[in-house]
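The following exercises practise the reading of helices and aromatic rings in a protein model. Please attempt each task before turning to its solution.

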Amino acid sequence: MRLPLALAFIGLTLGGCVSMDAAECRGANWYELGFRDGLYGMQRMDIVYDEQCGKHGAKPDTAAYAKGWQEGLWEYDARKIHGGTD
């Protein structure tokens with residue numbers, strides 16, 4: 001039970017420090033970023049990514065991010081329900 005809470009805490013802590021440079025914004029796999037954020041139980045960060053990448057003239061694929069985030073969150077919830085085991 002402690003592992004999922006620790007992962008969520010780490011994800012939230014790191015999420016507050018998210019910073020992407022121009023190359024990361026342009027080369028990002030937005031689905032994977034969304035999935036990772038959802039898997040760690042984080043809130044959606046697409047607004048933050050949009051703001052940061054906009055400073056570099058890049059636009060995140062918010063649809064891909066949202067799909068990945070939702071699927072990651074489903075996995076996060078499934079792991080919570082089953083106690084972290086498959």
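Contact means that heavy atoms lie within 4.5 Å. Helices are DSSP runs of H or I with at least four residues, numbered from the N terminus. This is a predicted model, in which local features need pLDDT of at least 70 and side-chain atom pairs count only at pLDDT 80 or more, while totals for chains, interfaces and linings use all residues. Residues are numbered from 1 along each chain as its sequence is written, and side-chain values use heavy atoms, with hydrogens and water left out.

**Exercise 1. Determine which residues of H3 are buried and what they pack against.**

Step 1. Buried means under 20% relative accessible area, exposed over 50%, and partly exposed in between (1.4 Å probe, protein chains only).

Step 2. In H3, the buried residues are Trp-30, Leu-33, Gly-34, Asp-37 and Gly-38. They cover an arc of only 130° around the axis, so they lie on the same side of H3. The arc is taken from the directions that lead from the helix axis to the C-beta atoms.

Step 3. These buried residues of H3 pack against helix H2 (22–27), helix H4 (46–54) and H5.

**Exercise 2. Check the length of helix H5 and describe its two faces.**

Step 1. The expected span of a helix is 1.5 Å times one less than its number of residues. For the 20 residues of H5 (residues 62–81) this gives 28 Å, which agrees with the 28 Å between its end C-alpha atoms.

Step 2. Tyr-65, Ala-66, Gly-68, Trp-69, Gly-72, Leu-73 and Tyr-76 are buried in H5. Because these buried residues fall within an arc of 165° when seen down the axis, they line one face of the helix.

Step 3. The face turned away from the buried side of H5 carries the exposed residues Ala-63, Lys-67, Trp-74 and Ile-81.

**Exercise 3. Describe the aromatic pair formed by Tyr-31 and Phe-35.**

Step 1. Rings of Phe, Tyr and Trp (its six-membered ring) pair if their centres lie within 6.5 Å; planes under 30 degrees apart count as stacked, over 60 as edge-to-face and the rest as tilted.

Step 2. The structure holds three aromatic pairs. In the pair of Tyr-31 and Phe-35, the centres are 6.3 Å apart and the planes differ by 25°, and the pair is stacked.

Step 3. Tyr-31 and Phe-35 are four residues apart in helix H3 (residues 30–39), so about one helical turn separates them.

Step 4. Tyr-31 counts as partly exposed at 30% relative accessibility, and Phe-35 is partly exposed with a relative accessible area of 26%.
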